[in-house]
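Hi everyone, and thanks for coming. I'd like to walk you through a structure that may be new to you, so please have a look at the screen.

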Amino acid sequence: MTREDLFEVLGDLEDDLVLGAGEGKRRRLSWRVIVPAAACLCAVAVAAVLWLRRPPMDSGNLDGEPWGYNKSCEAAPMVCVDRGLYRITGEQPELEGREAEFFYLGEISSRVDSSQKPRVDFQANDDIIGAKVYKFDENIVVDIDGKYWLYELVYNYMD
């Protein structure tokens, strides 16, 4: 069949047949569309799971009162000592009777707002001016009204 014969045969087709030929056929999605869409969906699902599984910001307590990020402040109780930023720990170990392991460093001498991080030595973002500070392993212990509280190192300003 030559090109002219084909043109003549196609020219004889009725318009209704040509227009109706495309109807009823379903277009298949290409893998080039499906794969990126699935990857985006997986990324969103992973982000949602990570967001929901993040540790709570106020996971510890002091004498039954929540600490950390709460209504009254934006930052957990922190102390700056020897250019290190220390945050109170959620799990408080029994420190009574272990005073021989403490090394006296000094006393808290200044305070910043509870929403700020202390950046000057012997500064706290809590109202504990005069509290004695001791070195205890890599952390510190703060004597607040006769009770020892463990603070863990979270940032070193010397780095």
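Let me start with a term: a salt bridge is a side-chain nitrogen of Lys or Arg within 4 Å of a carboxyl oxygen of Asp or Glu. And one caution before we use it: what you see is a predicted model.

How many salt bridges does a search of the whole structure find? The count is 3. Let's visit each of them.

Take lysine 132 and glutamate 107: their closest N and O atoms are 3.5 Å apart, so the pair fits the cut-off of 4 Å. This bridge ties together distant parts of the chain, with lysine 132 in strand β8 and glutamate 107 in strand β5, 25 residues apart. Are these two buried or exposed? Neither, quite: lysine 132 is partly exposed at 34% relative accessible area, and glutamate 107 is partly exposed too, at 37%.

Next, please find glutamate 152 and arginine 87, whose side chains form a salt bridge at 3.8 Å, N to O. Here again distant parts of the chain are linked: glutamate 152 sits in strand β10 and arginine 87 in strand β4, 65 residues apart. Glutamate 152 is partly exposed, at 30% relative accessibility, and arginine 87 is partly exposed at 31%.

The remaining bridge joins the side chains of glutamate 101 and arginine 98, at 3.1 Å from N to O. Glutamate 101 has a relative accessible area of 43%, and arginine 98 comes in at 30%.

Now let's go inside. The largest nonpolar core has 15 residues, and those touching the most other members are Val79, Ile128, Ile140, Val142 and Tyr151. Strands β3, β4, β9 and β10 each supply at least two residues of this core, and β9 gives the most, with 3 residues. There is also a second, separate core of 7 residues, including Leu95, Tyr134, Phe136 and Tyr148.

Let me zoom in on valine 142. Leaving out residues up to four places away in sequence, its contacts include Val79, Ile128, Trp149 and Tyr151. Lys132, which we met in a salt bridge, is also touched by valine 142.

My last stop is valine 81, in strand β3. Why does valine 81 count as buried? Because its relative accessible area is 1%, and buried means under 20%. Beyond its neighbours within four places in sequence, valine 81 contacts Tyr86, Leu105, Asp121, Phe122, Val133 and Ile140. Proline 118 lies 37 residues away from valine 81 in sequence, yet their C-alpha atoms are 9.2 Å apart in space.

Notes:
Residues are numbered from 1 along each chain as its sequence is written. This is a predicted model: local features need pLDDT of at least 70, side-chain atom pairs count only at pLDDT 80 or more; totals for chains, interfaces and linings use all residues. Side-chain values use heavy atoms; hydrogens and water are left out. A nonpolar core is a set of buried Ala, Val, Leu, Ile, Met, Phe, Trp, Tyr and Cys residues joined through side-chain atoms within 4.5 Å. Buried means under 20% relative accessible area, exposed over 50%, partly exposed in between (1.4 Å probe, protein chains only). Helices (H or I, at least four residues) and strands (E, at least two) are DSSP runs, numbered from the N terminus. Contact means heavy atoms within 4.5 Å.
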